[in-house]
Amino acid sequence: MTNVLAIDQLGYKHNFKTILHDVDLTLEAGKIVGLLGENGAGKTTLMRLITGSAKGTGTIAVCGDTQAAHHRSHVSFTEQLRGFTANTRVDRVADFYRTVYPDFDGARFEELVTFLQIDTSLKLAALSKGMKEKVIIALTLARQVNLYLLDEPFSGIDSMSRKRIISSIIKWKPDDATMVISDHYVSEIAPILDEIVVVKDQTVYAHKESDAVREEFGMGIEAYYESLYEGSVQHD
Amino acid sequence: MQFDDKVPIYIQIKNVLYQEMITGQLAPGAKLPAVRQLAVDLTVNVNTVQRALGEMMTAGIVTSQRGKGNFVTLEASRITQLKEQLVMTQVEQAYEQLHALNLTDEEIMASLKQYIAQRGQQDD
């Protein structure tokens, strides 16, 4: 089994404060992984370290490559479109992606736009929260890479948009690509997760197969996740 | 499709498909939807569908034809057998629960008959 991601003894400090320490994490190809943890647990920081936009100690190998500068070409991350002015049209943002990322697949993007019912002539300022999240998902999934990092794609959006986004993930994730989805509320995405990774106490506190949690503990993913905070379940 | 988060998803996928086979929605020899389509329809992971189908193949209920897809077995007797198994599992659960309430076999039979009779009246 090939590993898309191998993190070894990763640490990260900000203003002398430890954000993450002793992170070891290996993800196989083809998985959908839920990255769970409270707000401020370090989920976004971990994603930024993987993309190479933040630098910590230890090693991160993406597809066997430990050079941070190369990670951008293997990883598609849900960037929050902050670099674009509010007047930028969605199709202009897509043009930018096409230019910057050689792996950006225009045909895939068009399929996603149709499926997610996005009007690409709209300006960013005119997008509702749910629509903006759909645009981000379409841009992220239109790239053909080995690792997709979706940072809280469901926070604060309506349930119809959420369902569409979940369906688009199932439809468009390439078979051998791995996808990490961070969330602090797991119940709605639980059925699509192969594995869960819990970030707690500034490190990877638990890493489990979802169906193994159900089989071993006879409890749901949400309940298991909550139990880690109550300390009632043995973890490894 | 709503899943019970406490039960492994691959088992629930198997149960959904078994139910369709037993009720004839999926007849012997019928072609199953493509794996990714099943995943989208059920809102589950492609890998989990693969796992469920893999176990159904091992059990001889689904057959795979290279390049053509997955099919329900043509052996109708295998489906009948499957139905009997599922019925027995349900009966066993109900029986064990009633037995745990200290009911005798006669009382269990009587309460089941009574329930069916009452249910029949409600339906009219």
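This is a short tutorial dialogue on an interface and a cavity.

Student: What should I know before reading this model?

Tutor: The model is predicted, with local features needing pLDDT of at least 70 and side-chain atom pairs counting only at pLDDT 80 or more, while totals for chains, interfaces and linings use all residues. Residues are numbered from 1 along each chain as its sequence is written, chains are lettered from A in the order in which they are written, and side-chain values use heavy atoms, leaving out hydrogens and water.

Student: How many residues of chain B are in contact with chain A?

Tutor: Contact means heavy atoms within 4.5 Å. Here 18 residues of chain B touch 24 residues of chain A.

Student: How much area do chain B and chain A bury between them?

Tutor: Buried area is the accessible area (1.4 Å probe) that two parts lose on being put together, summed over both. For these chains the figure is about 1600 Å², with 45% of it on carbon and sulfur atoms. Asp5(B), Arg36(B) and Asn45(B) supply 35% of the area that chain B buries against chain A, more than any other three residues.

Student: How many salt bridges are there between chain B and chain A?

Tutor: A salt bridge needs a side-chain nitrogen of Lys or Arg within 4 Å of a carboxyl oxygen of Asp or Glu. The count is two, including one that joins the side chains of Asp175(A) and Arg36(B) at 2.5 Å, N to O.
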